[in-house]
Amino acid sequence: MHSRGGFLPPGTDAGHRGHSSRTLSKEYAMPTLGIIGSGNIGSAVARLAVAAGMNVVIANSRGPESLQDLIAELGPLAAAGTVEDAAKAGDAVVLSIPLKAVSDLPDGLLDGKIVLDTSNYYPSRDGRIAALDNSAVTTSELVQSWLPGTRYVKAFNNILAHHLPLLARPGGAADRSALPIASDDGAAKAEAAALLDALGYDAVDAGTVAESWRFEPESAGYTRLYLADPSTPDDQLMSSAPGTTSTEKVRSALASATRVNVAERVF
């Protein structure tokens with residue numbers, strides 16, 4: 001991580017979760033968040049980051065010139081760059097591109113970085129992937145194998161993009177929601193939790209990447225967990241109202257989850 005110290009304030013125990021964005025900004029210069037992917041989730045995280053006072057460098061496959069409207073909306077803390085720019089600048093990097101595109105990233109691009117990966121497996125978009133269809137690995141394990149030099153964390157994959165800004169709350173708010181994270185790297189997981197805290201969410205430790213199926217598509221820990229009305233029809237999800245989803249509710253959902261037969265997924 002950069003000399004600014006990543007997303008944990010100096011002297012903070014790796015397991016501590018109590019720092020708000022206000023505390024972070026007082027204690028040290030705000031870090032830079034690199035975001036690769038300017039789709040719905042990437043853009044939503046960028047909005048939360050600049051609202052928290054973070055610098056953001058965002059990139060997509062179409063080039064910086066395609067991001068000028070988004071940068072104008074985000075304001076002076078945000079800059080457009082190449083994928084390489086976002087990777088280099090970020091104290092942590094949110095990777096929010098289609099699953100099939102991850103393996104096409106330049107070798108070593110994200111080595112040494114904390115990478116918060118939002119990937120989900122959608123066969124209708126990604127094609128069939130045998131190792132996922134036969135449950136030999138989780139999506140997270142597959143992506144981690146493609147990015148061996150990174151400090152990998154699975155995050156942001158289980159919530160609808162339009163719910164991200166609507167559910168964000170300051171630290172200590174009674175109606176604060178939580179997001180699960182999974183990683184094999186405990187220190188990276190702690191920094192990811194600190195980042196989520198700054199963005200307006202509590203973090204729930206969902207275990208290792210091998211256990212991340214608990215909040216993949218169709219699981220108990222996936223998007224319906226954040227709906228005000230969990231029975232909302234599929235065709236109304238993109239306009240659905242969110243409901244506060246506490247740490248306890250997320251933990252309960254993860255504990256009750258059963259592994260989905262991915263081979264049967266058609267969307």
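Mentor: Helices here are DSSP runs of H or I with at least four residues, numbered from the N terminus. Keep in mind that this is a predicted model.

Trainee: Got it. So which helix is V143 found in?

Mentor: Look at residues 139-146, which make up a helix that packs on the sheet. V143 is found in that helix, α8.

Trainee: Is V143 buried or exposed?

Mentor: Look at what surrounds the residue first: leaving out residues up to four places away in sequence, V143 touches L99, V102, D117, S119 and Y152. Buried means under 20% relative accessible area. V143 comes out at 0%, so the residue counts as buried.

Trainee: How far apart are the C-alpha atoms of V143 and N120?

Mentor: Along the chain, these two are 23 residues apart. In space, their C-alpha atoms are separated by 10.0 Å.

Trainee: Zooming out, how many helices and strands does the chain have?

Mentor: The chain runs to 267 residues, and 54% of them count as buried. Among contacts with a separation of 6 or more, 67% link residues 24 or more positions apart. As for the elements, the count is 11 helices and eight strands.

Trainee: What is the order of the strands in the open sheet?

Mentor: Six strands form this sheet, and the pairing is parallel. Neighbouring strands are turned by 20 degrees against each other on average, direction ignored. Read across, the order is β3-β2-β1-β4-β5-β6.

Trainee: Why is one side of β3 and of β6 left without a neighbour in the sheet?

Mentor: Both strands stand at the edges, β3 being residues 78-80. One side of each is left without a neighbour because each has a single partner strand.

Trainee: What angle does the direction of α8 make with that of β6?

Mentor: Helix α8 packs on the sheet and touches both β5 and β6. Its direction relative to that of β6 works out at about 155 degrees.

Trainee: Now β5. Which residue in β6 is the bridge partner of L116?

Mentor: Start on the other side: β4 (residues 92-95) is joined to β5 (residues 114-117) by four bridges. There, A92 partners I114, and V94 stands opposite L116. Four bridges also join β5 to β6, running parallel. In β6, L116 has as its bridge partner V153.

Trainee: Which residues of β5 are buried on each face?

Mentor: In a regular strand, side chains alternate between the two faces of the sheet. For β5, both faces are covered. The buried residues are I114 and L116 on one side, and on the other V115 and D117.

Trainee: Which residues touch A161, not counting those up to four places away in sequence?

Mentor: A161 lies in the loop between β6 and α9, and at 15% relative accessibility this residue counts as buried. The C-alpha atoms of A161 and G42 are separated by 8.5 Å, though the two are 119 residues apart along the chain. The residues touching A161 are N40, I41 and A44.

Trainee: What is the phi of F156?

Mentor: F156 sits in the loop between β6 (151-154) and α9 (163-167), and is buried with a relative accessible area of 2%. Its phi is positive although the residue is not a glycine, at about 65 degrees.

Trainee: And E218: buried, partly exposed or exposed?

Mentor: E218 is found in the loop between β8 (202-205) and α11 (247-256), with a positive phi near 75 degrees. The band between 20% and 50% is the middle class. With 45% relative accessibility, E218 counts as partly exposed.

Trainee: Which residues are closest to the centre of the largest pocket?

Mentor: That pocket holds about 690 Å³ of space. Its lining divides into 14 nonpolar, 10 polar and four charged residues. Of the 28 lining residues, the closest to the centre are I41, N120, Y122, L160 and Y222.

Trainee: Last one: how much space lies in the largest cavity?

Mentor: The whole structure has two cavities of 30 Å³ or more. The largest is lined by 14 residues, with W213, E216, R259, V260 and V262 closest to its centre. That lining splits into seven nonpolar, four polar and three charged. The space inside is about 90 Å³.

Technical notes:
Residues are numbered from 1 along each chain as its sequence is written. This is a predicted model: local features need pLDDT of at least 70, side-chain atom pairs count only at pLDDT 80 or more; totals for chains, interfaces and linings use all residues. Side-chain values use heavy atoms; hydrogens and water are left out. Helices (H or I, at least four residues) and strands (E, at least two) are DSSP runs, numbered from the N terminus. Buried means under 20% relative accessible area, exposed over 50%, partly exposed in between (1.4 Å probe, protein chains only). On a 1 Å grid over the protein atoms alone, a cavity is a set of points where a 1.4 Å probe fits but cannot get out, and a pocket is an open set with protein on both sides within 12 Å along at least five of seven lines; lining residues have an atom within 4 Å of a point. Grid points are joined across faces, edges and corners, and a volume is the space filled by probe spheres set on the points. Ala, Val, Leu, Ile, Met, Phe, Trp, Tyr, Cys and Pro count as nonpolar, Asp, Glu, Lys and Arg as charged, and the others, Gly among them, as polar. Two strands pair if DSSP finds at least two bridges between them. Axes are lines fitted to C-alpha atoms, for helices over the stretch in contact, and angles run from 0 to 180 degrees between N-to-C directions. Contact means heavy atoms within 4.5 Å.
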